[in-house]
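Please study the sequence and the three-dimensional structure shown here before attempting the exercises.

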Amino acid sequence: MFSATRDILQTALLALLIFMVLQGTIQNYRVEGSSMNPTIQDNQYLLANKVLYYHLDKARLARWLVFIDSEEKSFLYPFHPPSRGEVVVFRYPGDESRHFVKRVIGVPGDKVQIRGGKVYLNNTELREPYVVGSSNCFPPKICQSWLNDGEYFVLGDNRQASNDSRDWGPVPMENVVGRAWVTYWPFSEAGFLP
């Protein structure tokens with residue numbers, strides 16, 4: 001009797017531990033809308049890797065570790081921060097209860113401009129083979145942005161159907177949840193994302 005109870009408790013604790021690890025490392029999302037066509041379709045399900053962009057706020061860390069230089073809006077990344085071209089999941093800056101999926105175009109220190117339907121990164125036209133339509137930008141949209149530390153300029157692949165950084169500005173690092181890693185449903189369209 002004691003052995004069976006112990007086995008049940010061990011199994012329950014192991015299941016709880018696995019659940020907690022999975023919740024802390026990956027998250028599933030359903031894509032709403034056509035802003036990422038053709039890369040990701042409306043109502044497609046994906047997994048986001050939350051560990052890849054894990055970061056520590058240097059200012060908070062400096063309170064505990066005196067040898068760390070505390071700079072405002074500066075982060076330490078055990079792996080790496082979001083990179084240009086990666087597809088990310090983030091909390092929408094206008095309503096943080098909603099999650100959006102977009103492609104990173106500009107990273108901290110970049111100058112992003114949209115002129116004549118084309119995107120320029122640091123005064124060089126960006127090659128974007130994944131884009132559908134032109135990247136038109138007319139006021140009151142944000143057609144030019146200089147990115148500070150901890151800011152990312154994101155755009156949808158289907159530019160004419162995308163609500164993105166042209167509408168509400170850069171995404172702060174605090175809002176980035178993780179990298180869109182793999183689509184898994186519908187199964188016929190499952191695969192790893194670039």
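The exercises below, each with a worked solution, concern a predicted model.

**Exercise 1. The open sheet**

Determine the strand order of the open sheet of 4 strands, and state which strands stand at the edges.

Solution. The order of the strands is 9-8-7-10, and their pairing is antiparallel. Strand 9 (124–125) and strand 10 (144–146) each have a single partner strand, so one side of each is left without a neighbour in the sheet. Strand 7 (residues 111–115) pairs with strand 8 (residues 118–121) in the antiparallel sense, over 4 bridges. Within this sheet, Arg 115 has Lys 118 in strand 8 as its bridge partner.

**Exercise 2. The disulfide**

Identify the cysteines that form a disulfide, and establish its handedness.

Solution. A disulfide requires two cysteine sulfur atoms within 2.5 Å. The sulfur atoms of Cys 137 and Cys 143 are 2.1 Å apart, and these residues form a disulfide. The count by this rule is 1 disulfide. The torsion about the S-S bond is about -100 degrees, so the disulfide is left-handed. Cys 137 has a relative accessible area of 12% and is therefore buried.

**Exercise 3. Salt bridges across the sequence**

State how many salt bridges the structure holds, and examine three of them.

Solution. The structure holds 9 salt bridges.

- One of them joins the side chains of Arg 179 and Glu 86, at 3.1 Å from N to O. Arg 179 belongs to strand 13 (residues 176–185) and Glu 86 to the loop between strand 4 and strand 5 (87–91), so the pair ties together parts that are 93 residues apart in sequence. Glu 86 is buried, its relative accessible area being 8%.
- Another joins Arg 159 and Glu 128, at 2.7 Å from N to O. Arg 159 lies in the loop between strand 11 (151–155) and helix 3 (165–168), and Glu 128 in the loop between strand 9 and strand 10, so parts 31 residues apart in sequence are tied together. Both residues are buried.
- Asp 167 and Lys 141 form a further salt bridge, with their closest N and O atoms 2.6 Å apart. Asp 167 lies in helix 3 and Lys 141 in the loop between strand 9 and strand 10, so this pair ties together parts that are 26 residues apart in sequence. Asp 167, at 34% relative accessibility, counts as partly exposed, and Lys 141 likewise counts as partly exposed at 30%.

**Exercise 4. The loop residue Ser 74**

Decide whether Ser 74 is buried or exposed.

Solution. Ser 74 lies in the loop between helix 2 (58–64) and strand 4 (75–76). Buried means under 20% relative accessible area. Ser 74 has 10%, so Ser 74 is buried.

Notes
Residues numbered from 1 in each chain as written. Predicted model: local features only at pLDDT ≥ 70, side-chain atom pairs only at ≥ 80, totals over all residues. Heavy atoms only, no water. Pairing = 2+ DSSP bridges. Helix = DSSP H or I, 4+ residues; strand = E, 2+ residues; numbered from the N terminus. Buried < 20%, exposed > 50% of the residue type's maximum accessible area, 1.4 Å probe, protein only. Salt bridge = Lys/Arg side-chain N within 4 Å of Asp/Glu carboxyl O.
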